[in-house]
Amino acid sequence: VQLVESGGGLVQAGGSLRLSCAAIGTIFRINVMGWYRQAPGKQRELVATITSGGSTNYADSVKGRFTISRDNAKNTVDLQMNSLKPEDTAVYYCNANIRTVAAGWGDYWGQGTQVTVSS
């Protein structure tokens, strides 16, 4: 199973970006999907998560600005980021809790996509 991310880039403060992540492989079921980020010199932190039923959870720093969504039929999760701030600059990682027939439940990570917000 692989998580393939897209959509990062450079944007000015106040702008928007949309990140997408697709889970590819022989997947039986996906539980929670989410986005995390890691800024230089800092620990990786949770940005937002979403359950298979659509329940969401956001970091306080992004509430009201970011929206997470998923398509269970396509095994994808998106992160719409609005009103971006320079402090949102980080590498963003997709994460998913996935069950495969061969390996059972596992925690998977994408390769990361850079988001840079200029002031």
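A residue is called buried here when its relative accessible area is under 20%. By that yardstick Val-11 makes the cut, because its relative accessible area is 13%. The model behind these values is a predicted one, and Val-11 is a handy place to start looking around it. Val-11 sits in strand β2, which covers residues 9-12. Setting aside neighbours within four places in sequence, Val-11 is in contact with Ser-16 and Leu-17, with Leu-84, and with the run Thr-116, Val-117 and Ser-118. Ser-119 is 108 residues away from Val-11 in sequence, yet their C-alpha atoms are 9.1 Å apart in space.

Stepping back to the whole chain, the protein has 11 strands and 0 helices. The radius of gyration is 14 Å, close to the 14 Å from the globule rule for 119 residues, so the protein is as compact as a globular protein of that length. The C-alpha trace spans about 45 × 25 × 20 Å along its principal axes. Of the 119 residues, 41% are buried. Among contacts with a separation of 6 or more, 54% come from residues 24 or more positions apart. As for the outside, about 6,200 Å² is exposed, and carbon and sulfur atoms supply 47% of that area. There are 11 positive and 8 negative charges, and the mean positions of the two sets lie 4 Å apart.

At the start of the chain, strand β1 (residues 2-6) has side chains that alternate between two faces. Leu-3 and Glu-5 point to one face and are buried, whereas Gln-2, Val-4 and Ser-6 point to the other and are not. β1 pairs with strand β3 (residues 17-24) in the antiparallel sense, over 5 bridges. Within that pairing, Leu-3 has Ala-23 of β3 as its bridge partner.

Strand β9 (90-100) has several pairing partners, described here in turn. With 8 of its 11 residues buried, β9 is largely enclosed by the rest of the structure. β9 pairs with strand β4 (residues 29-38) over 8 bridges, in the antiparallel sense, and in β9 Tyr-92 stands opposite Arg-37. Tyr-92 also has a bridge partner in β11, namely Thr-113; β9 and β11 run antiparallel and are joined by 3 bridges. Then there is strand β10 (residues 104-109), which pairs with β9 in the antiparallel sense over 6 bridges. Asn-97 has Asp-107 as its bridge partner in β10, and a hairpin of 3 residues joins β9 to β10.

Strand β11 (residues 113-118) also holds Thr-116, which leads back to Val-11. Thr-116 counts as partly exposed, because its relative accessibility is 27%. Not counting residues up to four places away in sequence, Thr-116 touches Gly-9, Leu-10 and Val-11, along with Thr-89. Thr-89 and Thr-116 are 27 residues apart in sequence, but their C-alpha atoms are 4.6 Å apart.

Two other threonines are worth a look. Thr-49, in strand β5 (residues 45-50), is buried, with a relative accessible area of 14%. Beyond its neighbours within four places in sequence, Thr-49 is in contact with Val-32, Met-33, Gly-34 and Tyr-36, with Ser-55, Thr-56 and Asn-57, and with Ile-68. Thr-76 belongs to strand β8 and is buried as well, at a relative accessible area of 19%. With neighbours within four places again left aside, its contacts are Cys-21, Ala-22, Met-33, Ser-69, Arg-70 and Asp-71. Cys-21 and Thr-76 are 55 residues apart along the sequence, with a C-alpha to C-alpha distance of 5.5 Å. Met-33 thus turns up in the contacts of Thr-49 and in those of Thr-76.

Finally, a couple of loop residues have backbone angles to note. Asn-75 is not a glycine, yet its phi is positive, at about 60°. Asn-75 lies in the loop between β7 (66-71) and β8 (76-81). Ser-83, another residue other than glycine, has a positive phi near 50° and lies in the loop between β8 and β9. Ser-83 counts as partly exposed, because its relative accessibility is 40%.

Technical notes: Residues numbered from 1 in each chain as written. Predicted model: local features only at pLDDT ≥ 70, side-chain atom pairs only at ≥ 80, totals over all residues. Heavy atoms only, no water. Helix = DSSP H or I, 4+ residues; strand = E, 2+ residues; numbered from the N terminus. Buried < 20%, exposed > 50% of the residue type's maximum accessible area, 1.4 Å probe, protein only. Contact = heavy atoms within 4.5 Å. Pairing = 2+ DSSP bridges. Rg over C-alpha atoms; globule rule 2.2 N^0.38 Å. Areas by Shrake-Rupley, 256 points an atom, 1.4 Å probe, with all protein chains shown as cover. Lys, Arg positive; Asp, Glu negative; His and termini not counted. Charge placed at Lys NZ, Arg CZ, Asp CG, Glu CD.
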